[in-house]
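Trainee: Could you choose one part of this model and take me through it closely? I would like to see how the rest of the chain relates to that part.

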Amino acid sequence: MTTTDGSGTATTDHDSPCCGRHPGAGRQKAEQKAEQKAEQKAEQKAEQKTEESPRERVNRRWNEILQETRVAQTGVQILFGFLLSVAFTQTFRELEEPSKVLYVVTVALGASATAALIAPVSIHRFLSGQSMKDEVVSYAARLVVCGLVLLALTIGCTLLLILHVVLSGTVATVIAAVVMMWFVLCWYVLPFRLSRQGPRSTSGAASSTD
């Protein structure tokens, strides 16, 4: 395309995309197609990364179980250690017979919670190398849930035992019952309600918590 400036000199504009047959327009279209292909490849790679293989899924679930048990084990070990030390104090000898029975029940619950929360480690050690990772993860998940139930009962009984020493029997029972209702709400009712609602739909790949 030839143009004339104010001094009368003719100039040729070779880069003006005046029509589809112009070389500049062809280069722009080629660049756009290349960019689109690059974006499509990037999206495909991102989708492939989000898809889990069965082996990756079971390994992820096992790592999640280990993280959960570490938190629960810390709590039950501290509580169980406290309960064991109570029996050697002077105050324990002065407790009435019902309080001593409650203490025995509490210690038994604490020991059971400890066993359930440490059991996944034992199962994994005995079955390691036998290609039974799916079974290990499945039973470990159930044992963690069982351990959490036993841990909640241990905490409730410990609270009731301590409150019986400080307060009257009725007040102590009411306070312990209210605290246990809060435990049930936070630990069980809320997760159950969320599971009934189902995962929220997202534009990208949805994250799995199974």
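**A close look at a kinked helix**

Mentor: Gladly! Let's start with α6, which has a kink of about 40° centred on leucine 185; the bend at a residue is the angle between axes fitted to the seven residues ending there and the seven starting there. Helices (H or I, at least four residues) and strands (E, at least two) are DSSP runs, numbered from the N terminus. Keep in mind that this is a predicted model, in which local features need pLDDT of at least 70 and side-chain atom pairs count only at pLDDT 80 or more, while totals for chains, interfaces and linings use all residues. Residues are numbered from 1 along each chain as its sequence is written, and side-chain values use heavy atoms, with hydrogens and water left out.

With its 29 residues, α6 reaches 40 Å from first C-alpha to last, close to the 42 Å expected at 1.5 Å a residue; the expected span is 1.5 Å times one less than the number of residues. Just after α6 comes glycine 198, with a positive phi near 85°.

Now look at what α6 tucks away. Its buried residues are Ala172, Ala176, Met180 and Phe183, where buried means under 20% relative accessible area, exposed over 50%, and partly exposed in between (1.4 Å probe, protein chains only). The cover over these residues includes α5, with contact meaning heavy atoms within 4.5 Å. You can see the two helices approach each other at isoleucine 162 and alanine 172: these residues are 10 apart along the chain, and their C-alpha atoms are separated by 8.5 Å. Isoleucine 162 belongs to helix α5.

The two helices also share a surface feature. Phe82, Ile162, Val165, Val166, Leu167, Val171 and Ile175 make up a nonpolar patch with about 550 Å² of accessible area together. The elements giving two or more residues to this patch are α5 (133-166) and α6 (169-197), and α5 supplies the largest share, three residues. Patches are built from residues with over 30% relative accessible area and no salt bridge, joining like charges within 9 Å and nonpolar side chains (Val, Leu, Ile, Met, Phe, Trp, Tyr) within 5 Å. Accessible areas come from the Shrake-Rupley method with a 1.4 Å probe, and for residues only the protein chains shown count as cover. Within the patch, valine 166 of helix α5 counts as exposed because its relative accessibility is 61%, whereas isoleucine 162, at 39%, counts as partly exposed.

Helix α2 (residues 54-86) is worth setting beside α6: its 33 residues should span 48 Å, and its end C-alpha atoms are indeed 48 Å apart. Its buried residues include Trp62, Ile65, Phe80 and Leu83, and their cover includes α3 (90-93), α4 (97-127) and α5. Helix α2 also holds both glutamate 64 and arginine 60, four residues apart, about one turn of the helix. An α-helix has 3.6 residues a turn, so residues three or four places apart point the same way. The side chains of glutamate 64 and arginine 60 meet in a salt bridge (3.0 Å, N to O), which is defined as a side-chain nitrogen of Lys or Arg within 4 Å of a carboxyl oxygen of Asp or Glu. By that rule the count is one salt bridge. Arginine 60, at 17% relative accessibility, counts as buried, while glutamate 64, at 30%, counts as partly exposed.

Finally, step back to the whole chain. There are six helices and two strands, running β-β-α-α-α-α-α-α from the N terminus. Of its 210 residues, 23% count as buried, and the accessible surface comes to about 15100 Å², 60% of it belonging to carbon and sulfur atoms.
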